[in-house]
Amino acid sequence: MQFFLDTGNVEEIKQALEWGILDGVTTNPTLIAKTGRPFMEVAKEILQLVDGPVSLETVSKDAEGMVKEGKFLAELGDNVVVKIPMTPEGMKAVQILESEGIPTNVTLVFSPAQALIAAKAGASFVSPFIGRLDDASSDGMKIIREIKQIFDNYDITDTQIIVASVRHPMHVVEAALIGADICTMPFEVMKKLFYHPLTDKGIELFIKDWEKVPGRPF
Ligand code: E4P
């Protein structure tokens, strides 16, 4: 499973790249606003750092506006993926952008039906938001299982599933068990994936015991 960071924070991206585990980035207007930095500056820096797909979001409500914004965003780099909301107008825009070779990521997906529509419209990626479903007393991961099952049933391989709105490490593990293509996660969740108390305890013990070894080269 590929790991994407869901962030507009360049420092977080640099750190994940140093770890060698970053396959791509997703952003949204909220994440960019949180940085307090000019959009173009942030987008260009992210695109310079990351080789994999970088999702940048449109904000128009009509297809014409989405296509216009999508084309503008696509000019910023070869790895730009245009994020389009799951609406009828959005699906019109997806078809147009994809037919012109611009990859799209259908966002704000909350049901298997919406994911199937995104695939039929030709989106390269679909982003079901599991955390927001959990927050609404629903089972977010259930729709990932259902979308995966539907895509497998019809051999849909041109649309990759990005598990989004991830809240904790078990979301990542469950997404991998289901076989989702990608999980996009906040930096805090990515950091937590590394940790286990037994690892820390084991390191301390080995360092302590190493002190007892005669003739240590280091
Ligand atoms: C996905 O692409 C979105 O940016 C994101 O996962 C939304 O997550 P949130 O529910 O934490 O805002």
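User: In this predicted model, what phi does Gly 122 take just after H6?

Analyst: Since the model is predicted, the angle is a computed one. Helix H6 spans residues 112-121, and Gly 122 comes just after this helix. The phi of Gly 122 is positive, with a value of about 100 degrees.

User: Which residues of helix H6 are buried, and what do they pack against?

Analyst: Residues under 20% relative accessible area count as buried, and in H6 these are Pro 112, Ala 115, Ala 118, Ala 119 and Ala 121. The elements that these buried residues pack against are helix H5, strand S5 (104-109), strand S6 (125-128) and helix H8.

User: Why do the buried residues of helix H9 lie on the same side of the helix?

Analyst: Helix H9 covers residues 169-178, and its buried residues are His 171, Val 172, Ala 175 and Ile 178. They lie on the same side of H9 because the arc they cover around the axis is only 125 degrees. A general rule helps here: an α-helix has 3.6 residues a turn, so residues three or four places apart point the same way. The value that answers the question is therefore the arc of only 125 degrees.

User: Which helices are included in what covers the buried residues of H9?

Analyst: The cover of these buried residues includes both strands and helices, and among the strands are S1 (2-6), S7 (160-163) and S8 (182-185). The helices included in the cover are H7 (130-135), H8 (140-153) and H10 (187-193).

User: Which residue stands opposite Cys 183 of strand S8?

Analyst: Strand S8 pairs with S1 in the parallel sense over 4 bridges, and with S7, also parallel, over 2 bridges. On the S1 side of this pairing, Gln 2 has Ile 182 as its bridge partner in S8. The residue that stands opposite Cys 183 is Val 163.

User: Which residues of S8 are buried on the side away from Ile 182 and Thr 184?

Analyst: In a regular strand the side chains alternate between the two faces of the sheet. In S8 both faces are covered, with Ile 182 and Thr 184 buried on one side. The residues buried on the other side are Cys 183 and Met 185.

User: How many residues apart in sequence are the parts that Glu 57 and Lys 83 tie together?

Analyst: The two residues form a salt bridge, in which the closest N and O atoms are 3.6 Å apart. Lys 83 is buried, with a relative accessible area of 4%. Because Glu 57 lies in strand S3 (residues 54-57) and Lys 83 in strand S4 (residues 80-85), the parts tied together are apart in sequence by 26 residues.

User: Which residue makes a polar contact with the side chain of Ser 55?

Analyst: Ser 55 is found in strand S3, where it is buried, with a relative accessible area of 2%. Leaving out residues up to four places away in sequence, Ser 55 touches Val 25, Thr 26, Thr 27, Val 81, Lys 83 and Asn 105. The polar contact, which has a length of 3.1 Å, joins the side chain of Ser 55 to that of Asn 105.

User: What distance separates the closest N and O atoms of Glu 89 and Lys 92?

Analyst: Glu 89 and Lys 92 are 3 residues apart in helix H5 (residues 88-99), which separates them by about one helical turn. Glu 89 is partly exposed at 26% relative accessible area, and Lys 92 is also partly exposed, at 44%. In the salt bridge that they form, the closest N and O atoms are apart by 2.7 Å.

User: Is the ring pair of Trp 19 and Phe 187 stacked or edge-to-face?

Analyst: The pair links distant parts of the chain, with Trp 19 in helix H1 (residues 10-19) and Phe 187 in helix H10, 168 residues apart. Trp 19 is partly exposed at 29% relative accessible area, whereas Phe 187 is buried at 11%. Ring pairs also link both of them with Phe 194 into a cluster. Because the ring centres of Trp 19 and Phe 187 are 5.6 Å apart and the planes are at 0 degrees, the pair is stacked.

Terms used:
Residues are numbered from 1 along each chain as its sequence is written. This is a predicted model: local features need pLDDT of at least 70, side-chain atom pairs count only at pLDDT 80 or more; totals for chains, interfaces and linings use all residues. Side-chain values use heavy atoms; hydrogens and water are left out. Buried means under 20% relative accessible area, exposed over 50%, partly exposed in between (1.4 Å probe, protein chains only). The arc is that of the directions from the helix axis to the C-beta atoms. Contact means heavy atoms within 4.5 Å. A salt bridge is a side-chain nitrogen of Lys or Arg within 4 Å of a carboxyl oxygen of Asp or Glu. Rings of Phe, Tyr and Trp (its six-membered ring) pair if their centres lie within 6.5 Å; planes under 30 degrees apart count as stacked, over 60 as edge-to-face and the rest as tilted. A polar contact is a pair of N or O atoms within 3.5 Å; within protein, one must be able to donate a hydrogen and the other to accept it, and residues adjacent in sequence count only if both atoms are side-chain atoms. Two strands pair if DSSP finds at least two bridges between them.
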